[in-house]
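Colleague: Could you take a close look at one loop for me, and then show how it sits within the rest of the model? I would like to follow along with the structure in front of me.

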Amino acid sequence: MSSEGRMAFMPFITAGDPDLDTTVAVLKELANCGVDLIEIGFPYSDPIADGPVIQESYTRALNNHFQVHELFDVLKSLSSDQTTTLPPLVGMVSYAIIFRYGAEKFLNEASAAGFSGLIVPDLPGDEALEFSQKTQLANLDLVQLVSPLTPEDRTKRIVQTASGFIYCISVAGTTGVRDELPAELTTHLESLRQLTDLPLAVGFGISKPEHVDTLRGKADGFIIGSAIVKQFAAFSDSNQTRAEVISSIGNYASEMMSATRG
Amino acid sequence: MTTILSDVPDASGRFGEFGRRFVPETLMHALEELTQEYEKAKQDESFQSELNDLLKHYVGRPNPLYFAERLTKHCGGGKIYFKREDLNHTGAHKINNTIGQALLTMRMGKKRVIAETGAGQHGVASAVACARFGLECIVYMGEEDIRRQKLNVFNMKMMGAEVRAVTSGSKTLRDAVNDAMRDWMSSVESTHYIIGSVIGPHPFPMMVRDFQSVIGKETRAQCLEQTGKLPDQVIACVGGGSNSAGMFYPFIDDESVKLIGVEAGGRGPEPGEHASTLSYGAKGVLHGSFGYVLQDSDGQTQDVHSISAGLDYPGVGPEHSYWKDSGRVNYTAITDNEALEGFQTMAKQEGIIPAIESSHAIAHAMKVAREAHPDETIVVCLSGRGDKDVNEVARLLGQEI
């Protein structure tokens, strides 16, 4: 991306919100918009890093009986569909799910389903050493998160087990749309840049092209979750059809793709 | 039974394979700081002496070990004793922990405290400790528990705490923990989270156990003094597991003492009908630590049910998971109806109205006592008094107050 002089846009959606058919339709729409990577959140009953918007989307999916193996099956058939080329997929998944599913089984099936990496938000650097070896064996990247509260010595240890990119959390807190990004984020990104050659992607709180402008030249990419996921609530409100919601998400994604070029 | 040592957890918070820290990176630094501060406080004589002074003059410790003569006769068999945590200030064991953690909050220079509560006893104990030290206190509580525990909600507010209703999920304890953790994520630099049980990421399970161990230490000494020997059996109820961890831990290396944890058997063994994590759960991750969890095959936490708002939690402390797998502690379940019967029998035979949580332990002790020799001593942790539960019990018995 940097060779093109633009940042990478990585939208986040929740798998199975409100059903897997919609997930497939949204994935195709985002792929058509040319997004650089898609994060797929695995619904979890007890998320603690996520704000209310993402939590509600998990609840919608789980109320509709979301199951991990069904997501893998759907993605597998989508990747064999010659008419659609998806960008790289990264799963955002709680370790509670991975452990219960069976780590090796989960990793192998995720890889076969077309995932190229995983973000495991409740598996911090210290606990991730053994797991990062397993992800390598399954040919998956393990993206690590760094918070503004992470001290430098911890950051050094964390980046050693990371691959793919570094997920830079913009603020101490949970996911969710915020008006402004914190001023100290720039300093944080500069110091991170000294510690790793991996691309830096910023997440939590980003929703507008102006946010992207403030990150330009400092980060390599950005992640948007809640601003997209909140649009899925329209399904349960029944005030919009699926086509309308997907079209609205497509318009938003195109706007943010334009913002990547400045 | 595998050999078990009381010298757990290790530096990374492992009780065997259980425990550790499964939390977002944002919380890691605070947990490391808390661990260091707690280790320093443990070695600090002035901290220990201030804590002991408060436990004595404010909480009212040591509380009695009481021989329940009439209940013993009623059951026939072993002698039943109660460790009277119900006589503590606020009427439950929870204050042993909140006073300790409030002192730590002061040491860390933080002014704001958050807590989660199910039955409300931990919320009240947190509000009390915060009022005592002038700390701001926010208590997260599920909407369903607010309905069940109006008295405690009123008490918390009286003492200046803000009670925040949690409307997500099952609107009970587990959802309150989720919301408290979220608050902590965004306020960790100024706020201490007083977790109310031996759950959560390291160092909480160890720290809460240590603060609650005063129960078992006193019981051990009182038993030796009053009966001339260690108890034969020690029984305590288990939700998250704090009164039982505090009761059992000082007896862990005494292999002659049989330890029994009693979970909420609810309406029966079907998923969603009980809260018996150790009896029916599987290994997994919940609320920052690895232990037994009631979950489905995808790792989604299952809904739970108990007559007791204090026990309906789908996880359990990692040290209990360790004790279960080692065989050192036996875990069993008591149904809602059995607990109600224990509640009523205790009130009529001993003139003590127990918490519904404790009534689970009482109901099991009555079963055990019937099978025991009259020379055997059975000690039950009476973890709290039942004032908070009388409205709910009356409703279940079809009576009006």
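Modeller: Happy to: here is the loop between β7 and α9 of chain A, followed by its chain and some spots in chain B for company.

A word on reading it: this is a predicted model, so local features need pLDDT of at least 70 and side-chain atom pairs count only at pLDDT 80 or more, while totals for chains, interfaces and linings use all residues. Residues are numbered from 1 along each chain as its sequence is written, chains are lettered from A and ligands numbered from 1 in the order in which they are written, and side-chain values use heavy atoms, leaving out hydrogens and water.

Start at F204(A), in the loop that runs between β7 (200–203) and α9 (209–215) of chain A. Helices are DSSP runs of H or I with at least four residues, strands are runs of E with at least two, and the numbering goes from the N terminus. The phi of F204(A) is near 80 degrees, a positive value in a residue that is not glycine. For background, most residues other than glycine have a negative phi, and most peptide bonds are trans. F204(A) counts as buried because its relative accessibility is 8%; buried means under 20% relative accessible area, exposed over 50%, and partly exposed in between, with a 1.4 Å probe and protein chains only.

S207(A) belongs to this loop between β7 and α9 too. At 11% relative accessibility, S207(A) counts as buried. Leaving out residues up to four places away in sequence, S207(A) touches V177(A), R178(A), I224(A), A227(A), Y252(A) and M256(A). A contact here means heavy atoms within 4.5 Å.

Now step back to the chain that holds the loop. Chain A has twelve helices and eight strands. Its radius of gyration is 17 Å, close to the 18 Å from the globule rule for 262 residues, so chain A is as compact as a globular protein of that length. That radius is taken over C-alpha atoms, and the rule is 2.2 Å times the number of residues to the power 0.38. The C-alpha atoms fill a box of roughly 45 × 40 × 35 Å along the principal axes. Of the 262 residues of chain A, 59% count as buried. Among contacts with a separation of 6 or more in chain A, 73% come from residues 24 or more positions apart.

Chain B offers some spots to set beside the loop. H287(B), in the loop between β11 (282–286) and β12 (289–293), has a positive phi of about 50 degrees although it is not a glycine. H287(B) is buried, with a relative accessible area of 4%. By contrast, G134(B) is exposed at 64%, and lies in the loop between α5 (121–133) and β6 (136–142).

Two chain B loops hold cis peptide bonds. The bond from R61(B) to P62(B) is cis, with omega near -5 degrees, and P62(B) lies in the loop between α2 (45–59) and β3 (65–67). The bond from H202(B) to P203(B) is cis as well, with omega near 15 degrees; P203(B) lies in the loop between β8 (191–194) and α9 (204–212) of chain B.
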